[in-house]
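The following paragraphs lead the reader through one protein model, from its open spaces to its sheets and helices. Please keep the sequence and the structure in view while reading.

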Amino acid sequence: MKKILVVGSLNVDMVVRVPHMPVAGETILAEKADTVPGGKGANQAYAAGKLGAQTIMFGAVGNDRYAEIEKKSLQSAGVDVSRLIVRADCDTGLAWITVNDEGDNSIVVVSGANKTLSEKDIADNDDLLHSCDIVLCQMEIPVQTVLCVARRAKELGKTVILDPAPVPKDFPAELYAYVDIIKPNETELSLLTGAASSDYEKGADILRSRGVKNVIVTLGGAGAFVNSEAEGKHMLTVRPVPVVDTTAAGDSFTAALAVRLASGSSLLQAVRYANEVATIVVTRKGAQTSIPTAAEVPFDD
């Protein structure tokens, strides 16, 4: 299997479960708050490792107890954390996640060390890009750092997968040319393209016109829409399941996609597998704690 490098964020999540999302000025009571490892980058690395891929996580953390929570969790999934940068002058990223009874969530992130990951850090660790085959990026680190990673990975002939979340206000048009696969959800697609969130086919066409070879739009319980230069347009549905918590569904989808591509699957087969992994994730509580092992995923090529 090919090697996966995840360049991105590491946050410790403070998860609060509520009967409904509070509105402005409203105070509601919750039973408890859980402290769990998270961050889009770390979630994707954890999922890739747990699904059996050789995975290395590159990002920045503080010199604090939250960093140790992140490292311990990633190591439990077999992820290499030896190259994480530890900043003495700032804290590990934190996120506050509110989850309602329907399993929907809202998230507030304090970036901490994540916002310090720089282009110089990428240049100083160029050997990581040389050694991998697939690079996963998200947008919880500085935009210019993501651009630097994607540009360099493309120069080296690597497969670049971008999860464009959270969508920055100034998304660099240059980045599209370096991305092999972009995986927005409906809301992110609308922010990137201006197309209505319900018109995901139009949005995917717009991204393709900007230079991305493969667009995968995740549609929650409806599945995923694929617009691929090589494989055409396809809607891939998912089996209905009771939704408990959607927190890590998108990250698990991205990681599972990379894992199947790393093992030699076609893009459509990889999307089908990613759909199945995400379907399992939403039936469980938590972020990394909800991610299945490869043996738990019922899938037949």
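How much space lies in the second largest pocket? The model shown here is a predicted one, and in it the second largest pocket holds about 170 Å³ of space. Its lining consists of K2, I134, T159, D180, I181, K213, N214, S228, A230, E231, L261 and L267. By class, five of these lining residues are nonpolar, three are polar and four are charged.

Two residues of this lining, I181 and N214, lead into the larger of the sheets to be described. I181 stands opposite N214 in strand 12. Strand 11 (181-182) and strand 12 (residues 214-218) run parallel and are joined by two bridges. Both strands belong to an open sheet of eight strands, whose order is 4-1-9-10-11-12-13-14 and whose pairing is mixed. Strand 4 (55-58) and strand 14 (232-236) stand at the edges of this sheet; each has a single partner strand, so one side of each is left without a neighbour in the sheet.

The loop between strand 10 (159-162) and strand 11 contains P166. A cis peptide bond joins this proline to A165, with omega at about -10 degrees.

Strand 1 of the eight-stranded sheet also leads to an enclosed space. Rolling a probe the size of a water molecule over the atoms shows where empty space is left. In this model, one cavity of 30 Å³ or more is counted, and the volume of the largest cavity is about 30 Å³. L5, V7, F58, I122, N125, L128 and L129 form its lining. Strand 1 (4-7) and helix 4 (126-131) each contribute at least two residues to that lining. Six of the lining residues are nonpolar and one is polar, while none is charged.

A further open sheet has four strands in the order 3-2-7-8, again with mixed pairing. Its edges are formed by strand 3 (33-38) and strand 8 (105-110), each with a single partner strand, so one side of each is left without a neighbour in the sheet. From one strand to the next, the twist averages 25 degrees.

Within the four-stranded sheet, strand 7 (residues 93-99) and strand 8 run antiparallel and are joined by six bridges. I97 has I107 of strand 8 as its bridge partner, and V99 stands opposite N105 in strand 8. Five residues lie between the strands of this hairpin, and G103 takes a positive phi near 90 degrees there. As a general point on such elements, the side chains in a regular strand alternate between the two faces of the sheet.

Strands 7 and 8 also take part in the lining of the largest pocket. What volume of space lies in the largest pocket? The value is about 1,100 Å³. The lining comprises 43 residues, and N185, T246, T247, A249 and G250 are those that lie nearest the centre of the pocket. Two or more lining residues come from each of strand 2 (11-17), helix 1, strand 7, strand 8, helix 6 (186-193), helix 8 and helix 9 (267-281). The lining divides into 18 nonpolar, 15 polar and ten charged residues.

Several helices named in that lining also enter into helix pairs. The axes of helix 1 (residues 40-50) and helix 8 (residues 249-262) come within 8 Å and cross at roughly 45 degrees. Helix 1 and helix 8 are therefore oblique to each other, and their crossing is right-handed.

How do helix 6 and helix 7 stand to each other: at what angle do they pack, and how far apart are their axes? Helix 6 packs against helix 7 (residues 200-209) at an angle of about 50 degrees, and their axes are 10 Å apart. This pair is therefore oblique as well. The crossing of helix 6 and helix 7 is left-handed.

Technical notes
Residues are numbered from 1 along each chain as its sequence is written. This is a predicted model: local features need pLDDT of at least 70, side-chain atom pairs count only at pLDDT 80 or more; totals for chains, interfaces and linings use all residues. Side-chain values use heavy atoms; hydrogens and water are left out. On a 1 Å grid over the protein atoms alone, a cavity is a set of points where a 1.4 Å probe fits but cannot get out, and a pocket is an open set with protein on both sides within 12 Å along at least five of seven lines; lining residues have an atom within 4 Å of a point. Grid points are joined across faces, edges and corners, and a volume is the space filled by probe spheres set on the points. Ala, Val, Leu, Ile, Met, Phe, Trp, Tyr, Cys and Pro count as nonpolar, Asp, Glu, Lys and Arg as charged, and the others, Gly among them, as polar. Two strands pair if DSSP finds at least two bridges between them. Axes are lines fitted to C-alpha atoms, for helices over the stretch in contact, and angles run from 0 to 180 degrees between N-to-C directions. Angles under 35 degrees count as roughly parallel, over 145 as roughly antiparallel, 65 to 115 as roughly perpendicular and the rest as oblique. A crossing is left-handed if the near helix is turned anticlockwise from the far one by less than a right angle, and right-handed if clockwise.
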